[in-house]
Amino acid sequence: MTTLPDRPNTALLVIDVQNGVLANALHRDGVIANINTLVDKARAEDVPVVWVQHSDDHLKRDSESWQYVPELVRRDSEPLVHKTYGDSFEGTELETLLAERGVGRLIVTGAQTDACIRSTLHGAFVRGYDVTLVGDAHTTEDLSEYGAPAPDQVIAHTNLYWQWQSAPGRRGGTADTAEVTFAAGDAG
């Protein structure tokens, strides 16, 4: 249902699952296990897996904190997008990579729920993509000392509001790992 013409394919986005980002993340191991399940399923179905890696003043490129967690292994054939903004599309080649692969639908996983995940969900949606958030495959750390809700509430709220996201010719949605399908036209 994407508004992007001639882009019937789906891709899996794995956003910022880096050592420094997940060091204090809620349900870290379970989220990584779910992402691994989705990566394996995408590969088995010949669905593009696109890895996104953030860097900034606190997450220095090539540092140990910047590296992807060791439990997830990117294949050389799978694109790696380097970003410096929350939205994975801003200032990156992500749109070009997806267009080359005929992708109009994204399955989103990773971290941080209240930052890069939310920014990328909205960034993709306004660019015309159908976007499914995998409800049990994203996480965040506890930022309550800065006034944010507890991490479980941030995750639950994001899953709730994204479940009902829609616009002319596009749809959002939330699905758990076991419900995700990569076939064109599927909601999960």
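Where does Asp-16 lie? I found Asp-16 in the loop between β1 (9-15) and α1 (19-22).

**Ground rules**

I am working from a predicted model, in which local features need pLDDT of at least 70, side-chain atom pairs count only at pLDDT 80 or more, and totals for chains, interfaces and linings use all residues. Residues are numbered from 1 along each chain as its sequence is written, and side-chain values use heavy atoms, leaving out hydrogens and water.

**Entry: overall fold**

I started with the secondary structure, and the protein chain has 5 helices and 7 strands. Helices (H or I, at least four residues) and strands (E, at least two) are DSSP runs, numbered from the N terminus. Going along the sequence, I wrote down the pattern β-α-α-β-β-α-β-α-β-α-β-β. The radius of gyration is 15 Å, close to the 16 Å that the globule rule gives for 188 residues, so the protein chain is as compact as a globular protein of that length. For that value, C-alpha atoms are used, and the rule is 2.2 Å times the number of residues to the power 0.38. I also noted the box that the C-alpha atoms fill, which is roughly 45 × 35 × 30 Å along the principal axes.

**Entry: inside and outside**

How much of the protein chain is buried? Buried residues make up 49% of the 188 residues. Here buried means under 20% relative accessible area, exposed over 50%, and partly exposed in between (1.4 Å probe, protein chains only). The exposed area comes to about 8,600 Å², and carbon and sulfur atoms supply 49% of that. Those areas come from the Shrake-Rupley method with a 1.4 Å probe; for residues, only the protein chains shown count as cover.

Next I looked at contacts (heavy atoms within 4.5 Å). Of the contacts with a separation of 6 or more, 78% are between residues 24 or more positions apart.

I picked Ile-107 as an example to look at, and it lies in strand β4 (residues 103-111). Ile-107 is buried, with a relative accessible area of 0%. Its C-alpha atom is 6.2 Å from that of Ala-11, which is 96 residues away along the chain.

**Entry: charges and salt bridges**

I looked up 15 positive and 28 negative charges, and their mean positions are 5 Å apart. Lys and Arg count as positive and Asp and Glu as negative, with His and the chain ends not counted. Each charge is placed at NZ of Lys, CZ of Arg, CG of Asp or CD of Glu.

How many salt bridges does a search of the whole structure find? The search finds 8, a salt bridge being a side-chain nitrogen of Lys or Arg within 4 Å of a carboxyl oxygen of Asp or Glu.

I spent some time on Arg-127. Its side chain meets that of Asp-87 in a salt bridge (3.0 Å, N to O). Arg-127 is in the loop between α4 (113-126) and β5 (130-139), while Asp-87 is in the loop between β3 (80-83) and α3 (94-100), so the pair ties together parts that are 40 residues apart in sequence. Arg-127 is partly exposed at 29% relative accessible area, whereas Asp-87 counts as buried at 10%.

Arg-127 also forms a salt bridge with Glu-90, with the closest N and O atoms 2.8 Å apart. Glu-90 sits in the loop between β3 and α3, so this pair with Arg-127 ties together parts that are 37 residues apart in sequence. Glu-90 is partly exposed, at 38%.

Shared salt-bridge partners also join Arg-28, Asp-29 and Glu-71 into one network. Within it, the closest N and O atoms of Arg-28 and Asp-29 are 2.7 Å apart. Arg-28 counts as partly exposed at 21% relative accessibility, and Asp-29 as exposed at 55%.

**Entry: backbone oddities**

Back to Asp-16: its phi is near 55 degrees, a positive value in a residue other than glycine. Is Asp-16 buried or exposed? Asp-16 is buried, with a relative accessible area of 1%.

Asp-46 has a positive phi too, of about 60 degrees, although it is not a glycine. I located Asp-46 in the loop between α2 (28-44) and β2 (49-54), and at 72% relative accessibility Asp-46 counts as exposed.

My last look-up was the peptide bond joining Ala-111 and Gln-112, which is cis, with omega about -20 degrees. Gln-112 is in the loop between β4 and α4.
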